[in-house]
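Biologist: Hey, I'm new to this one. Can you bring it up and walk me through it?

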Amino acid sequence: MAKYYYDIDDILTEEEFAPVLFHKPANGVTIDPSAETNSVEQGAKVELPFWLAHELHLRQAVSINLPACFDQKTRLEIQADAACVDLRSRCPYFYEFGCKLQPLVTDRTLGILLSTAFKIRYKERLTKVFTATHLTASKFLPFLTIEETNLYEAAHLSMTAFKKWRTGGPRFQRASILGRKRKES
Amino acid sequence: MYGRKGYQLPKDFASGEKGHLKPFNSKLFDETIEECDQNHHLIQFLIRHLSLSICIYFTNKVFCLIEGVDVTRKMEQEGLDVHNNRNADHYGALVHHLSLIHNKRCLMAYVHNRADIVRDLAWRVGLELLDLPPEIQDKLTTLEKRVLQEPFCSYQIVHGKSRNRVECRYGASKRTTNFTRHSMHFLKRTDAELYIA
C-alpha cells in the first residue's frame, strides 16, 4: 500500500471519472451540475473521480456504474479485433482502472474483458512491436495504454542491453586463477 | 474544488520526460494548498451546522418529553427534517475531508518523486551543485539545492585494534573523497569520525 501512495501512475489512474448514483444526500458540495443549490440530492447521478467514488462507495453513500470506456461499443470492438482498438483514447489506464473497478461494480464480465483484451493485444501487437523497426512501432505506439507502453519500453531497453552485451567484449573471460602455471615436479 | 488542483501536480510531473526534472511548479503547489484551506473551512462550517442540528434535535426531544408529545411528529409539523439534514451535513463534510486527503497525497507524491530524481542525479553527478549546468540548477528548489550541497551519509563503524571497518550505507562525495554506496573501507578512527553524519 505504501509503495503505491507516491506512485504517480496510481494517482492518475484514480483520477479517471466513474458514474455514480447517490444513496444519501450531501450538503455543501457542488458536485452535481444540475443541482440548483450547493448540495447533492439522494438519487442524483453524477460523475466523480474514482478516488472519491471508491471512498463513498465503501461508506455506502453511492453505488458505482461502469464508465463509458467499458461500454458495449468497446466490448464489441475488442471482440472483433482487440489488437487494432485505440484503447489509449478510451482510457489511458484501461487495465489498471478496470482492475480497481472490478470488485466494486455488479458487472462480473469486466475481469474477463480485461484479461481477453490484454492477452490478444500482447500476442498480436506487443510481441511484434518489440522486434519491429522504429517506423513500424511508431504507428502502433499511440494506440497502446500506459501499461502496455511501459511493457514496450522495458522490452526495448532489455533488447538494447542484450545487443550491447553481444557486441561489446568477449563473452567468456578466463578465470584469473587458471592463468597460474604449476611447477613440474 | 474536490482535488482538481491537486490532480494537476502529478499530471504536470508525468508530462515531463522520465527521469528528468521540470521546473518546480510553485504556482500550482500554492493553489493546491489554497484548495486544501477551502476544504478545511467548509468542513468546519458543516461540522458546526451538524452540531447545531444535533442540539436542536435534543432540545426538541427534551421539550417533547416534558410535554408528552411525539418528537418526530413535532419535527414534521415544524418542517425540521433533522435526521436527513444531519446525514447530508455529515456526507458533505466527508466529501471535503476526502478531497483534503487526496490533495495531501498529490502534494507529497510530487515532492517525493522530485526528491527521487534529485537523489539519482546526486549519485550520477556527485554532490557538487556548482558543477551542474545552469539550466538544471534553475529547475531545483532551494531545498533540493541544499540536498546536493550537504553530504548524506551514514556509517557503521566496527572497532578494530588499530583500524576500524567502516561500511558506507549511503555514500557521499566530497572534494577529495568519493565513496560508493555499501562499500567497505578500512580507516583510522580519527579519519572515520570525520565522515559521520
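Modeller: Sure, let's start with the largest cavity: its lining is made of five nonpolar, two polar and three charged residues. Keep in mind that this is a predicted model.

Biologist: Which residues line the largest cavity?

Modeller: They're in chain B: D12(B), F13(B), G16(B), H20(B), L21(B), K22(B), P23(B), Y110(B), R114(B) and I117(B).

Biologist: And which helices supply at least two residues of that lining?

Modeller: In chain B, α1 (4–14) and α4 (82–125) each do. The most comes from α4(B), which gives three residues.

Biologist: What volume does the largest cavity have?

Modeller: About 60 Å³. The count of cavities of 30 Å³ or more comes to one.

Biologist: What about open space, then? How much lies in the largest pocket?

Modeller: About 780 Å³. The pocket is lined by 26 residues, and the closest to its centre are D9(A), F13(B), A14(B), G16(B) and K18(B).

Biologist: Which helices supply at least two residues of the pocket lining?

Modeller: From chain A, α2 (8–13) and α9 (146–167), and from chain B, α1 and α4. Here too α4(B) gives the most, with six residues.

Biologist: How do the residues of the pocket lining divide into nonpolar, polar and charged?

Modeller: Ten are nonpolar, six are polar and ten are charged.

Biologist: OK, switching to chain A. How many helices and strands does it have?

Modeller: Nine helices and five strands. Going from the N terminus, the order is α-α-β-β-β-β-α-β-α-α-α-α-α-α. Chain A has 185 residues, and 37% of them are buried.

Biologist: Which UniProt domain annotation covers residues 6–56 of chain A?

Modeller: The record, an unreviewed entry, lists "domain: DNA replication complex GINS protein PSF3 N-terminal" for that stretch. Over residues 6–56 of chain A, the chain is 25% helix and 29% strand. The C-alpha atoms at the two ends of the stretch are 22 Å apart.

Biologist: Which strands form the open sheet in chain A?

Modeller: Three of them, in the order β4-β1-β5, with antiparallel pairing. At the edges are β4 (45–49) and β5 (62–64) of chain A, each with a single partner strand, so each has one side without a neighbour in the sheet. From one strand to the next, the twist averages 40°.

Biologist: What holds strands of a sheet together, in general?

Modeller: Strands pair through backbone hydrogen bonds, and they can be parallel or antiparallel.

Biologist: How many bridges does β1(A) have with β4(A)?

Modeller: Five, in the antiparallel sense. Between strand β1 (residues 17–22) of chain A and β5(A) there are three bridges, and those strands also run antiparallel.

Biologist: Show me a residue to click on. What stands opposite V20(A) in β5(A)?

Modeller: That's I64(A). On the other strand, β4(A), the bridge partner of V20(A) is V46(A). You can also try L21(A), whose bridge partner in β5(A) is S63(A).

Biologist: Which residues of α3(A) are buried?

Modeller: F50(A), W51(A), L52(A), A53(A) and L56(A) are buried there.

Biologist: And what follows α3(A)?

Modeller: Q60(A) comes after that helix, and its phi is positive, near 60°. Q60(A) is a residue other than glycine with a positive phi. The loop holding Q60(A) runs between α3 (50–58) and β5 of chain A.

Biologist: Is Q60(A) buried or exposed?

Modeller: Exposed: Q60(A) has a relative accessible area of 61%, and the cut-off for exposed is over 50%.

Biologist: One last spot. Where does D81(A) lie?

Modeller: In helix α4 (residues 72–81) of chain A. D81(A) has 37% relative accessibility, so D81(A) counts as partly exposed.

Biologist: How far apart are D81(A) and A117(A)?

Modeller: In sequence they're 36 residues apart, and in space 9.2 Å, C-alpha to C-alpha.

Technical notes:
Residues numbered from 1 in each chain as written. Chains lettered and ligands numbered in written order. Predicted model: local features only at pLDDT ≥ 70, side-chain atom pairs only at ≥ 80, totals over all residues. Heavy atoms only, no water. UniProt positions renumbered as here; feature names shortened; annotations may be inferred. Helix = DSSP H or I, 4+ residues; strand = E, 2+ residues; numbered from the N terminus. Pairing = 2+ DSSP bridges. Axes fitted to C-alpha atoms, helices over the stretch in contact; angles between N-to-C directions. Buried < 20%, exposed > 50% of the residue type's maximum accessible area, 1.4 Å probe, protein only. 1 Å grid on protein atoms, 1.4 Å probe; cavity = no way out; pocket = protein on both sides within 12 Å on 5 of 7 lines; lining within 4 Å. Points joined across faces, edges and corners; volume = space filled by probe spheres on them. Nonpolar A, V, L, I, M, F, W, Y, C, P; charged D, E, K, R; others polar.
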